Amino acid sequence: LFTDGACSGNPGPGGWAFILRGTGIDELAESGADALTTNNKMEMLAVIRGLAHVPDGASVLVTTDSEYCVKGLNEWLDGWKRRGWRKADKSPVANVDLWKALDAERQRVQLRATWIRGHHSHPENERCDRMAVAAIDAMRRGARAS
């Protein structure tokens, strides 16, 4: 699963995109947009939307340029849950609704997240970025991107 999110302003109009490949799926690519959001929310939504297409029990490697998503999935989530969705400093976790959705997906599939440098010639990341930006543009024009 390759994902990316984009935001024009932060907060501002945002887009998300994913490319999913695997057993039984040659390729599934989707994108969407939100009129007022943040980059982190779009990064997370790209992962959530992509994981929704992964069969129960499957192993999936999430490849993203979002350190926030990678660290959240691989390092922070379990501690946040133990502390009642609070960070180590006792402050509330931002985007808790999306983290809970990611946690539910993480319980359903065998997930591993890996970070790649964005805008660094990774073909799928570059394509997801173009798709997310196109979704923002389409939303602004009143059209629907896919």
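**Exercise 1. Place a residue.** In which helix is Gln 107 found? Then decide whether Gln 107 is buried or exposed.

*Solution.* This is a predicted model.
- Step 1: Gln 107 sits in helix H3, which covers residues 96–108.
- Step 2: The relative accessible area of Gln 107 is 54%. Exposed means over 50%, so Gln 107 is exposed.
- Step 3: Now look across the chain. Ser 8 and Gln 107 are 99 residues apart along the chain, and 32 Å separates their C-alpha atoms.

**Exercise 2. Judge the confidence.** What is the mean pLDDT of the protein? Where is confidence lowest, and where is it highest?

*Solution.*
- Step 1: The mean pLDDT is 94. A value of 70 or more is reached by 97% of the residues.
- Step 2: Strand E3, residues 25–37, has the lowest confidence, with a mean of 94.
- Step 3: Helix H1, residues 39–51, has the highest, at 97.

**Exercise 3. Check a helix.** How far does H1 reach from its first C-alpha to its last? Which of its residues are buried?

*Solution.*
- Step 1: H1 has 13 residues. At 1.5 Å a residue, 18 Å is expected.
- Step 2: H1 reaches 19 Å, close to that expected value.
- Step 3: The buried residues of H1 include Met 42, Glu 43, Met 44 and Leu 45. Ala 46, Val 47 and Ile 48 are buried too. So are Gly 50 and Leu 51.

**Exercise 4. Search for disulfides.** How many disulfides does a search of the whole structure find? Why is Cys 128 not bonded to Cys 69?

*Solution.*
- Step 1: The search finds zero disulfides.
- Step 2: Take Cys 7. The nearest cysteine sulfur belongs to Cys 69, and it is 13 Å away.
- Step 3: Take Cys 128. Its closest cysteine sulfur is also in Cys 69, at 12 Å. A disulfide needs the two sulfur atoms within 2.5 Å. Cys 128 and Cys 69 form no bond because their sulfurs are too far apart.
- Step 4: Add the exposure. Cys 7 is partly exposed, with a relative accessible area of 23%. Cys 128 is buried, at 0%.

**Exercise 5. Describe the largest pocket.** How many residues line the largest pocket, and which lie nearest its centre? Which strand gives the most to the lining?

*Solution.*
- Step 1: The largest pocket holds about 190 Å³ of space.
- Step 2: Its lining has 14 residues. Nearest the centre lie Leu 20, Arg 21, Gly 22, Ser 59 and Val 60.
- Step 3: Strands E2 (12–22) and E4 (59–64) each supply at least two lining residues. E4 gives the most, with four.
- Step 4: Sort the lining by type. Eight residues are nonpolar, five are polar and one is charged.

How values were computed
Residues are numbered from 1 along each chain as its sequence is written. This is a predicted model: local features need pLDDT of at least 70, side-chain atom pairs count only at pLDDT 80 or more; totals for chains, interfaces and linings use all residues. Side-chain values use heavy atoms; hydrogens and water are left out. Buried means under 20% relative accessible area, exposed over 50%, partly exposed in between (1.4 Å probe, protein chains only). pLDDT is the predictor's confidence in each residue, from 0 to 100. On a 1 Å grid over the protein atoms alone, a cavity is a set of points where a 1.4 Å probe fits but cannot get out, and a pocket is an open set with protein on both sides within 12 Å along at least five of seven lines; lining residues have an atom within 4 Å of a point. Grid points are joined across faces, edges and corners, and a volume is the space filled by probe spheres set on the points. Ala, Val, Leu, Ile, Met, Phe, Trp, Tyr, Cys and Pro count as nonpolar, Asp, Glu, Lys and Arg as charged, and the others, Gly among them, as polar. The expected span of a helix is 1.5 Å times one less than its number of residues.
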